[in-house]
Amino acid sequence: MASISRSPDGRRNIQFVGADGKRRTIRLGLCNQRIAEFVKMRIESLRSCAIVGCSLDPELAHWVASLDDVMLGKLGAVGLIPKRQVITLKNFVDGYIKSRTDTKPGTRSIYQHARKNLIEYFGESKLLREVTRGDVDGLRLYLISLELSENTVRKRCGTAKQFFQAAIRKDIIEKNPFEGVKVVVQANTARMYFVTADEAKKVLDACPDEQWRLIFALCRYGGLRCPSELLLLKWADIDMVRGRMIVHSPKTEHHQGKDMRQVPLFPELLLYLQGAFDHAPAGTEYVITRYRRHNSNLQSHFKRIICKARLKPWPKLFQNLRSSRETELTEKFPLHVVCAWMGNSQAVAAKHYLQVTDAHFQMAAGRDNPVQNPMQHAIAPVGGEARAEMRDTNNTENGKV
């Protein structure tokens, strides 16, 4: 049984005999008798669980979880609960990132971006257990103030949520303050862009060498992810006889049977592959021999090439190429076939890849072939100038020069 004692200055203590037979004291400080009695009953329950070795009942566990680090430290010091380390947010996140030796460089980069934002906002001394849902609301506003897109904010919060979930699994905290926060990335149609065949030709003409023409062709006509799939492609993966190639996909390899896929050697792509193969030195292993270091900045080089082609760089330089190709292929082949070639699901394709292009509107209006639409000639003299002006305006808005 535990007992309550009171010192001359009004401070109350709870005394009891621990599971090891030693007399223990927990100092409550200044508090009234009612609170002391409440804590005394809880300590007696914890003592019984410690002696018997049973788990805490839900009500008792909830009370322990609601305590601050000071009181938890006192309970741990007398053996009523396991001792808990006082861990800062910075130390835990650093330890978690260091322990994830299974992640790829791209994933570690994502972890570091989220870590940087967390430390900037909370500071290095913020305790992990002290982060509340209200703090998370403030963090979201801080990320928005950095002029990050909504999807980027969601990604950073999703990574932070992963950090805190790991802390729960280690029994360091009981609740995830990011629970309920929107972390699912949404489709952003404003950043979609269809790279037309005419624009593709201009970019290919502006490419400085054969390697860059092949990089562009593999992304625009082969639908490969850049740089992950692009840099893994080997000449041994190219089957000229059967007209297909094996594409290794680090992005989806954690899904069963999704570590690689077969992609046709489309005629538009085969032209550049054949040329590169003919000029490759004997014994060359990889199709793309340049930019193989992880710190190579392909996007900056590609943006300069697009500008050299006198085009406005589209929002997502390489992803828009892949999206354009998937949109084209769905015009000729069933969606499940195209998704197998592109390495994504039909749901992902519909949400993030497939686009409505100007050509779709032209076809719907019967203007894809003037010979088959005599009405188009009948109205041309009346609205020809207006339509020409509209086309110029649309081209300007779509980044065409």
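**Aromatic contacts, helices and cysteines in a predicted model**

Arg220 is placed over the face of Phe194, 5.7 Å from the ring centre. The structure described here is a predicted model, and every value reported below was computed from it. A second arginine is arranged in a comparable manner: Arg292 lies over the face of Tyr286, at 3.7 Å from the ring centre.

Contacts between aromatic rings were examined next. A search of the whole structure returned 15 aromatic pairs. One of these joins Tyr121 and Phe122 in an edge-to-face arrangement, with 4.9 Å from centre to centre and 80° between the planes. The two partners fall into separate accessibility classes: Tyr121 is partly exposed, because its relative accessibility is 33%, whereas Phe122 is buried, with a relative accessible area of 13%. Another pair consists of Phe266 and Trp341, which also meet edge-to-face, at 5.8 Å centre to centre and with 75° between the planes. This pair links distant parts of the chain, for its members are 75 residues apart. Phe266 belongs to the loop between strand 6 (260-264) and helix 11 (267-279), while Trp341 belongs to helix 14 (residues 335-342). Phe266 has a relative accessible area of 8% and is therefore buried. Trp341, at 17% relative accessibility, likewise counts as buried, since the class covers residues under 20%.

Aromatic residues are also gathered into a group. Tyr193, Trp212, Phe216, Tyr291, Phe302, Trp314 and Phe318 make up one aromatic cluster. Within this cluster, Tyr291 has a further feature of note: its phi is positive, at about 60°, although the residue is not a glycine. Tyr291 is located in the loop between helix 11 and helix 12 (298-308). Its relative accessibility of 15% places Tyr291 among the buried residues.

A positive phi was also found at Glu147, another residue other than glycine, where the angle is near 65°. Glu147 is likewise situated in a loop, here the one between helix 6 (133-145) and helix 7 (150-169). In contrast to Tyr291, which is buried, Glu147 is exposed, with a relative accessible area of 75%. The backbone has a further feature at Pro227: the peptide bond from Cys226 to Pro227 is cis, with omega near 10°. Pro227 is part of the loop between helix 9 and helix 10 (228-232).

Two helices were then considered in detail, beginning with helix 1 (residues 33-52). For its 20 residues, a rise of 1.5 Å a residue gives an expected span of 28 Å, and the end C-alpha atoms are 29 Å apart, so the two values agree. Buried in helix 1 are Ala36, Val39, Lys40, Arg42, Ile43, Glu44, Leu46 and Cys49. These buried residues pack against strand 1 (3-6), strand 2 (11-17) and strand 3 (23-30), as well as helix 2 (58-65) and helix 3 (69-77).

Helix 11 contains 13 residues. The distance from its first C-alpha to its last is 19 Å, close to the 18 Å expected at 1.5 Å a residue. Leu269, Leu273, Gly275 and Ala276 are buried in this helix. Viewed down the axis of helix 11, its buried residues fall within an arc of 160° and therefore line one face of the helix. Pro267, Leu271 and Asp278, on the other side of helix 11, are exposed. The elements that cover the buried residues of helix 11 include helix 9 (210-220), strand 4 (238-239) and strand 5 (244-248).

Finally, the cysteines were inspected. A search of the whole structure found zero disulfides. Cys54 is in no disulfide, and the nearest cysteine sulfur, which belongs to Cys49, is 3.7 Å away; a disulfide would require the two sulfur atoms to lie within 2.5 Å. Cys54 is partly exposed, with a relative accessible area of 40%, whereas Cys49 is among the buried residues of helix 1. For Cys339, the closest cysteine sulfur is that of Cys219, and the distance of 18 Å is too far for a bond. Cys339 counts as buried because its relative accessibility is 5%.

Notes: Residues numbered from 1 in each chain as written. Predicted model: local features only at pLDDT ≥ 70, side-chain atom pairs only at ≥ 80, totals over all residues. Heavy atoms only, no water. Phe/Tyr/Trp six-rings, centres within 6.5 Å; stacked < 30°, edge-to-face > 60°. Buried < 20%, exposed > 50% of the residue type's maximum accessible area, 1.4 Å probe, protein only. Helix = DSSP H or I, 4+ residues; strand = E, 2+ residues; numbered from the N terminus. Lys NZ or Arg CZ within 6 Å of the ring centre and 35° of its normal. Expected span 1.5 Å × (residues − 1). Arc of directions from axis to C-beta. Contact = heavy atoms within 4.5 Å.
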